[in-house]
Amino acid sequence: MKPQFALTIHNCAKTYNNHEFVFSPCSAELHNGEIIGITGWNGSGKSTLIKMVAGLLKPSNGSIHLKINNETYNYGEFSEHIGLVSPYLQVYEEFTPIEHAKIYCDLSGIPFNLNYTHELLTIMGLFSKRNENIRNFSSGMKQRMKYVLAFIRKPLIVLLDEPTANFDSKGTEAIYELINTHKNLGGGTIIATNDLSETEICSSVIHLTTI
């Protein structure tokens, strides 16, 4: 089971070049076993908020911190506890899934577990392709590989930007299996989506609006 945690997003917003906010300041809290949805029109800032939580963009307003047991981590200090899946992330196509997973673990400073990698590849329907170059994969298969890399570090919190993009029904079922297992282990999940059906599994929903 995951340790007790609380991710707090307080009055957060983002501006570019000191212009108006991308979205109105928002607040939320995520705890063990919870799933938060982020919705809004295209361009409302869903991916921006995901990047802020992931530590890829600094908030222009407000604060983000993570408390694990009795220790508090401020913005930029807890990326090792985050797993991110997004269409804008890339995989290294010159490697096989096994090679890519091992390199990712080495770069992240975490032990490489071949059995767990096989388990993730099986869930995502990539086990039979484990020794093939990723360059030959379809866009959907490459997206599945991103899930393998996000979950291989056994993160406390997973951030999913458009989680079922490029997936068929079988791929979507695999994603929900991962999310449900993560939830049952006490992990937290944040989903940014335009698909309202994906919010049905959420404990709460943030609807972003522009000012």
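Reader: What makes strand 3 and strand 8 a pair?

Author: Strand 3 and strand 8 run parallel and share 4 bridges. Two strands pair if DSSP finds at least two bridges between them, so they qualify. One of the contacts on strand 8 is I191, the bridge partner of G37. Strands here are DSSP runs of E with at least two residues, helices are runs of H or I with at least four, and both are numbered from the N terminus. This is a predicted model, where local features need pLDDT of at least 70, side-chain atom pairs count only at pLDDT 80 or more, and totals for chains, interfaces and linings use all residues. Residues are numbered from 1 along each chain as its sequence is written, and side-chain values use heavy atoms, with hydrogens and water left out.

Reader: Which sense, parallel or antiparallel, do strand 7 and strand 8 take, and how many bridges join them?

Author: They run parallel, and 5 bridges join them. I157, for example, has G188 as its bridge partner in strand 8.

Reader: How do you know that strand 8 is mostly covered?

Author: Buried means under 20% relative accessible area, exposed over 50%, and partly exposed in between, using a 1.4 Å probe and protein chains only. In strand 8, 5 of its 5 residues are buried. G188, I190 and A192 point one way, T189 and I191 the other. In general, side chains in a regular strand alternate between the two faces of the sheet.

Reader: Why is V85 called buried?

Author: V85 has a relative accessible area of 1%, which is under the 20% limit, so the word buried applies. V85 sits in strand 6. Contact means heavy atoms within 4.5 Å, and leaving out residues up to four places away in sequence, V85 touches Q143, K146, Y147, A150, L159, L160 and D161.

Reader: What makes a group of residues the largest nonpolar core, and which members touch the most others?

Author: A nonpolar core is a set of buried Ala, Val, Leu, Ile, Met, Phe, Trp, Tyr and Cys residues joined through side-chain atoms within 4.5 Å. The largest such set has 31 residues, and L7, I64, L66, I157, L159 and I190 touch the most other members. Helix 1 supplies the largest share, 5 residues. Apart from this core lies another, of 29 residues, including I98, M145, F167 and C202. In soluble globular proteins, nonpolar side chains tend to be buried together.

Reader: How do you know that helix 1 is mostly covered?

Author: The count is 7 buried out of 9 residues, in the stretch 46-54. Those buried are K46, T48, L49, I50, M52, V53 and A54. After helix 1 comes G55, with a positive phi near 90°.

Reader: What is the volume of the largest pocket, and what makes a residue part of its lining?

Author: The volume is about 480 Å³. On a 1 Å grid over the protein atoms alone, a pocket is an open set of points where a 1.4 Å probe fits, with protein on both sides within 12 Å along at least five of seven lines, and lining residues have an atom within 4 Å of a point. By that rule 19 residues line the largest pocket, with L84, L89, Y104, L149 and R153 nearest its centre. Helix 2 gives the most, with 5 residues.

How values were computed:
Points joined across faces, edges and corners; volume = space filled by probe spheres on them.
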